[in-house]
Amino acid sequence: MAAKKQKSLLISYTLLIFGGIVGLHQFYLGRDRHAFLYWSTFGGILGLGCLRDFWRLPTYVHDANEGNNVNVPKSNRHKQPSKGPPFAFVRLVAQVCVACIYGFIASMIIPLENHFYRYISLIFMAMGEAIGIHTVANVGRYKLAIKLALYLSFMAVFCNVIIFGDENLGQIVTLTSLITSPIASMCTTYKSANELKHKRGVVRRWLILLLAGCIYITAISLSIYHHGEVTSEGGERIKVKDAIDHFFLSPFWLEFKDVLYTIYQEGKQHGWKHVWVEFNKALDPEGESNALKVLGLTEQATEAQIRRQYKKLILRWHPDKNRNNLMESEEKSIEINKAYELLSKVRNRRRLKANISTS
């Protein structure tokens, strides 16, 4: 059997430097949960994880190249070691922080208009905290069952609500993570050798991370939609939900919608190729429309008309005739000269293409 390609420490450090904030180096090393944590918390809790990886990365590369069999006895490759992993303060802090972040976002995905919605929010909070604790606990060689994480989170949320009530969600999120994370750390075990050797294909890994990322972004978007606020010009605080509703009733959106409908009708009537040509023309990539506008001409203007209008405008804005406003006359003269030169180049190039195609 051919040996697997070894992971490069140089490549890992390069990915850490240029893509560490989104976890590219962790994805390269096959640590997908670690990569997702970095992406979802801006580089591992605002870049702290990336900073720590500058001296932890050689260990990660070694584990990846050795098949992650460290601390697993060779005689029990199909079994989990009876003794659990040692206490890791950094992992515990990461569990608390990630559980707080995920739990808070999950609790905000619905409006808190009444007690029923608040209770549903507490359920989402417990699920978010459990996912955060489970994700951190399963990074690398360690393992924690999702059922246990869910059980601990739901029990902690329930106890907090009984003792402190359900009014302060931030307090419940924080206390739940502080209670659940240490217990989860004590229940963490090693993965078996078979579990460590089981590797997914790159495409499947990307799809799983893409799905997780879409769910995470959707949760954040819903949280902002229901609870975010923007400040108006007058200093008034307006909910994002109301601001979006107002936007879809604004003149800008109504006009934009009419334009889209007009484009759709144009495509149905004349074909989408015609619409594409008109769209490119509207973008004015060559600058011809703007140059004609500067000279005060239409697209149907001939070369003789362009030359005549150019001479007329140059005379009008000549500095000798505008001694009281020399700065504006110079700017106008430069603008008119540029427009005329551009039109001359475009028309000459177009004429040359036409001659080549007919010959």
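Contact here means heavy atoms within 4.5 Å. By that criterion, in this predicted model, Phe 248 touches Trp 253 and Leu 254, not counting residues up to four places away in sequence. Phe 248 sits in the loop between helix H12 (240-247) and helix H13 (251-270). Its relative accessibility is 40%, so Phe 248 counts as partly exposed. Ser 250 is found in the loop between H12 and H13 as well. Ser 250 has a relative accessibility of 16% and therefore counts as buried, the cut-off for burial being under 20%. Ser 250 and Tyr 13 are 237 residues apart in sequence. In space, their C-alpha atoms are 49 Å apart.

The second largest pocket was examined next. Its space amounts to about 850 Å³. The lining of this pocket comprises 35 residues. Nearest the centre of the pocket lie Arg 52, Val 90, Arg 91, Ala 94 and Val 136. Five helices give two or more residues each to the lining: H3 (32-40), H4 (42-46), H5 (48-65), H6 (89-107) and H9 (169-187). H6 gives the most, with eight residues. By class, the lining of the second largest pocket holds 19 nonpolar residues, nine polar residues and seven charged residues.

Helix H4, which contributes to that lining, contains two residues with notable backbone angles. Most residues other than glycine have a negative phi. Phe 42 has a positive phi of about 60 degrees, although it is not a glycine. Phe 42 lies in helix H4. With a relative accessible area of 57%, Phe 42 is exposed, because the cut-off for that class is over 50%. Leu 46 is not a glycine either, and has a positive phi of about 60 degrees. Leu 46 also lies in H4. The relative accessible area of Leu 46 is 70%, so this residue is exposed.

Helix H9, a second contributor to the pocket lining, packs with helix H8 (residues 146-164). The angle between H8 and H9 is about 140 degrees. Their axes are 9 Å apart. The crossing of H8 and H9 is right-handed. On the H8 side, the residues in contact are Leu 148, Leu 152, Ser 153, Ala 156, Val 157, Asn 160, Val 161 and Phe 164. On the H9 side, they are Gln 171, Ile 172, Leu 175, Thr 176, Ile 179, Thr 180, Ile 183, Ala 184 and Cys 187. The contact of H8 with H9 has 12 nonpolar and five polar residues. No charged residues take part in the contact of H8 with H9.

Two residues of helix H11 (residues 202-227) were considered. His 226 is found in H11. At 16% relative accessibility, His 226 falls under the 20% cut-off and therefore counts as buried. Leaving aside neighbours within four places in sequence, His 226 is in contact with Met 108, Ile 109, Ile 110 and Pro 111. Leu 210 is placed in H11 too. The relative accessibility of Leu 210 is 52%, so Leu 210 counts as exposed. Leu 210 and Phe 36 are 174 residues apart in sequence. Their C-alpha atoms are 9.6 Å apart in space.

Helix H17 (residues 326-358) includes Ile 356. Ile 356 has a relative accessible area of 55%, which means that Ile 356 is exposed. Ile 356 and Asn 325 are 31 residues apart in sequence. In space, Ile 356 and Asn 325 are 47 Å apart, C-alpha to C-alpha.

Conventions:
Residues numbered from 1 in each chain as written. Predicted model: local features only at pLDDT ≥ 70, side-chain atom pairs only at ≥ 80, totals over all residues. Heavy atoms only, no water. 1 Å grid on protein atoms, 1.4 Å probe; cavity = no way out; pocket = protein on both sides within 12 Å on 5 of 7 lines; lining within 4 Å. Points joined across faces, edges and corners; volume = space filled by probe spheres on them. Helix = DSSP H or I, 4+ residues; strand = E, 2+ residues; numbered from the N terminus. Nonpolar A, V, L, I, M, F, W, Y, C, P; charged D, E, K, R; others polar. Axes fitted to C-alpha atoms, helices over the stretch in contact; angles between N-to-C directions. Left-handed = near helix turned anticlockwise from the far one by under 90°. Buried < 20%, exposed > 50% of the residue type's maximum accessible area, 1.4 Å probe, protein only.
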